[in-house]
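Trainee: I am new to this model and would like a close look at one part of it, a sheet. Please take me through that part slowly and then go on to the rest.

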Amino acid sequence: MEFKLVSQYKPMGDQPEAIAKLVESIKSYNNDNILMGVTGSGKTFTIANVIAQLNRPTLVLSHNKTLAAQLYNEFKGFFPDNAVEYFVSYYDYYQPEAYLPTTDTYIEKDLSINDEIERLRLKTVATLLSGRSDVIVVSSVSCIYGCGNPEDFHKTAIRVEVGATLPRNKFLRRLVEALYSRTELELQPATFRVRGETIDIMAAFGEFGNQTFRIAFFDDEVEAIYILDPMTGEKRESVDSITLYPTNLFVTTQERINSAIAEIYSDLGKQIAFFEREGRSVEAKRIKQRVEYDLEMIKELGYCSGIENYSRYFDARAAGTRPFCLLDFFPKDFITVIDESHVTLPQIHGMYGGDRARKENLVEYGFRLPAAKDNRPLKFNEFDILAENKIYVSATPGTTELKKTEGTVIEQLIRPTGIIDPPVRLHVSEHQIDDLLEEVRMAVKSGLKVIVTTITKRMAEELSKYLTNISVRNNYIHSDIDTLERIEILDSLRNNEIDVLVGVNLLREGIDLPEVGIVAILDADKEGFLRNERSLTQIAGRAARNNKGRVLLYGDIMTDSMRRTIEASNRRREKQIRYNLENGIIPRSITKSANKASALISEVESKKPANMTAYPIYEDHYASAQVSDTTAPYTATESLTERIAKAKKEMERAAKNLNFKEAAQWRDEMRRLQNLQEMGEA
């Protein structure tokens with residue numbers, strides 16, 4: 001099946017040129033391509049057109065699973081008749097296993113799995129193995145982490161056809177091998193129920209969705225297959241065939257399990273001997289007890305806590321080889337689109353090193369066998385080889401992608417709205433606050449909002465206090481502000497409760513605010529990560545959603561980063577202005593709702609905390625207990641245990657709806673209450 005792009009819009013501006021160049025480049029076997037598009041130029045729409053013209057399976061990689069959900073929503077809208085899948089980490093929260101030798105502290109793995117995201121991950125894998133070519137997978141960097149062997153997953157899938165010879169008992173054994181559970185009660189996803197010659201199954205996912213099937217046997221022949229109403233059990237329709245996929249990415253055969261157990265015992269003996277030769281009896285005893293316990297669990301139940309640390313044995317991989325990952329499920333000709341590549345690529349670079357450092361301690365001190373180090377994310381060069389055909393998408397491409405393309409980029413500078421890059425003005429540092437206040441007053445009179453970025457957290461806080469003292473409605477954001485408060489602050493700007501937002505690195509908030517008319521960058525001449533060309537360009541882009549947008553750079557010298565930023569901005573502005581004049585386009589500001597929900601994120605009413613005023617008292621405004629105001633408040637009679645349970649339930653509800661921001665809020669509140677409980681018990 002081919003991709004069918006559905007949109008009321010047609011490519012415009014320099015989108016047609018960018019689309020044509022990308023398609024031609026990939027068809028000419030150029031494996032690395034950069035789409036350098038300014039903020040608001042419709043880069044996602046361009047990529048959608050490229051996918052439609054190339055007609056090849058595509059992986060869209062994002063550095064953030066909330067942004068991944070937004071991209072998923074956009075591509076679902078562009079390709080409603082094709083397979084658009086979602087693959088991100090299925091943990092609502094995750095505390096990895098670790099050992100801190102300096103304090104002799106062992107941290108047990110703690111996690112909560114989101115069943116809905118796990119279902120979507122399984123559906124992604126099944127779609128890729130189905131043979132369809134019209135597949136788009138929107139993923140976080142979770143795609144470079146280990147998962148099961150594609151061959152085993154495919155072998156464990158069960159194809160059932162009407163009229164086929166299939167002994168009932170053999171079919172039941174295959175269901176168990178695919179990790180379905182038998183029940184005599186109400187069916188749940190990934191369970192089955194036997195009633196004489198009929199077997200009812202609720203699949204975790206599949207071509208018919210999360211539905212219930214009834215397979216009727218006549219002796220050893222499949223007589224009929226029905227789709228049932230999961231609530232009433234009534235027959236909806238009959239089908240000729242179904243495919244039941246495993247309920248977990250980590251599935252394998254009994255033969256491999258037996259072989260793996262023998263290898264684990266062998267390596268355990270070697271590790272014990274190593275510790276004993278080194279005179280480390282504590283580590284020898286520890287590794288013996290832990291691994292033998294895990295092996296007993298595997299033999300009895302088929303799994304154990306931390307079984308992923310033994311994945312090398314179950315995959316029959318050699319020591320040091322990479323694990324299987326989502327990329328192994330793609331056909332060979334797939335395309336990888338790396339969104340915000342200047343952030344995503346460094347994230348991919350860093351995954352292996354962080355995981356390795358943690359595993360080294362666990363192995364060194366006898367908590368895990370050396371094979372645990374082979375359960376890891378891909379190294380960057382491994383990812384680079386697997387994702388052969390790549391499109392890097394960014395307004396400010398990084399060094400890695402520029403080096404790979406030898407500096408060749410495909411530009412997209414014209415915005416469909418006609419908005420040109422905001423003009424950049426230089427101001428000296430002397431009297432910068434007085435100058436900034438005048439700019440703020442003029443902006444507020446015009447109904448615009450202002451973003452101010454500082455170089456330190458302390459400066460952001462002090463500036464915010466000063467603005468409050470002179471009756472300027474404002475608030476500040478930096479990394480010490482928790483998730484709930486950041487969301488409330490951003491909403492307060494969009495809801496006209498404040499006029500000025502002060503921050504350090506506001507890019508981490510994913511700010512996309514059409515109301516912002518002025519971006520002021522203090523200490524712009526302080527060269528460094530927060531004031532290099534890439535950061536200055538990205539920050540300036542926050543004013544590019546408004547046709548009255550302006551950027552103010554405060555500093556006493558012209559740094560190389562400032563000069564390059566201004567020169568690049570002037571070049572873009574010249575092209576944008578010329579295009580508007582030639583085509584008679586009048587710029588118009590972008591407008592969209594303050595809380596734009598994606599197809600994966602349920603719409604939640606944005607409520608203003610009852611005790612929040614236009615000029616909030618900071619202690620009240622930042623109190624983490626206000627998390628309760630976002631949904632249902634606690635009652636005064638509830639115990640801490642009840643409040644913890646309620647917070648956990650709300651976290652799981654939000655996570656099930658894939659509203660990650662709200663889930664993070666409830667997670668923070670749950671942890672706060674748990675800390676209070678521990679203090680009280682102490």
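In β13, which residue is the bridge partner of M202?

Mentor: The bridge partner of M202 in β13 is T212. Before going further, note that this is a predicted model, in which local features need pLDDT of at least 70 and side-chain atom pairs count only at pLDDT 80 or more, while totals for chains, interfaces and linings use all residues. Residues are numbered from 1 along each chain as its sequence is written, and side-chain values use heavy atoms, with hydrogens and water left out.

The contact between M202 and T212 belongs to the pairing of β12 with β13, which is antiparallel and has five bridges. Two strands are said to pair if DSSP finds at least two bridges between them. Strands (E, at least two residues) and helices (H or I, at least four) are DSSP runs, numbered from the N terminus.

β12 covers residues 198–202, and four of its five residues are buried, so the strand is largely enclosed by the rest of the structure. Buried means under 20% relative accessible area, exposed means over 50%, and partly exposed lies in between, with a 1.4 Å probe and protein chains only.

β12 also pairs with β11 (residues 191–195), again through five bridges and in antiparallel fashion. Here I201 of β12 is the bridge partner of F192. β11 and β12 form a hairpin with two residues between the strands, and in this hairpin G196 takes a positive phi near 60°.

β13 is joined to β14 by seven bridges, once more antiparallel. One of the facing residues is F213, which stands opposite I227 in β14.

These strands belong to an open sheet of six, in the order β10-β11-β12-β13-β14-β15, and its pairing is mixed. At its edges are β10 (181–182) and β15 (235–239), each of which pairs on one side only.

The surface around this region carries charge. E197, D219, D220, E221 and E223 gather there in a patch of negative charge. A patch is made of residues with over 30% relative accessible area and no salt bridge, where like charges are joined within 9 Å and nonpolar side chains (Val, Leu, Ile, Met, Phe, Trp, Tyr) within 5 Å. Asp and Glu count as negative and Lys and Arg as positive, with His and the chain ends left out. The place of a charge is taken as NZ of Lys, CZ of Arg, CG of Asp or CD of Glu. The areas come from the Shrake-Rupley method with a 1.4 Å probe, and for residues only the protein chains shown count as cover. Of the patch members, D219 is found in the loop between β13 (212–218) and β14 (221–228). D219 counts as exposed because its relative accessibility is 58%.

Now to charges that do pair. Side chains of opposite charge can pair when their charged atoms come close. A salt bridge here is a side-chain nitrogen of Lys or Arg within 4 Å of a carboxyl oxygen of Asp or Glu, and the structure holds 47 of them. One is between the side chains of R182 and E184, at 3.6 Å from N to O. E184 has a relative accessibility of 45%, so it counts as partly exposed.

Another salt bridge links R280 and E283, whose closest N and O atoms are 3.7 Å apart; both residues are buried. A further one brings together the side chains of E533 and R564, at 2.9 Å from N to O. E533 lies in helix α16 (residues 533–540) and R564 in helix α17 (residues 560–583), so this pair ties together parts that are 31 residues apart in sequence. E533 is partly exposed at 28% relative accessibility, and R564 is partly exposed as well, with a relative accessible area of 34%. Elsewhere, D32, D384, K390 and K404 are joined into one network by salt bridges that share partners.

Two residues outside the sheet have backbone angles worth checking. E340, in the loop between β17 (335–339) and α10 (341–364), is not a glycine, yet its phi is positive, near 45°. E340 counts as partly exposed at 24% relative accessibility. D523, also not a glycine, has a positive phi of about 55°. D523 lies in the loop between β24 (516–521) and α16, and counts as buried because its relative accessibility is 12%.

Last, K21 lies in helix α1 (residues 15–27) and counts as partly exposed at 43% relative accessibility. The C-alpha atoms of K21 and E411 are separated by 9.8 Å, although the two residues are 390 residues apart along the chain.
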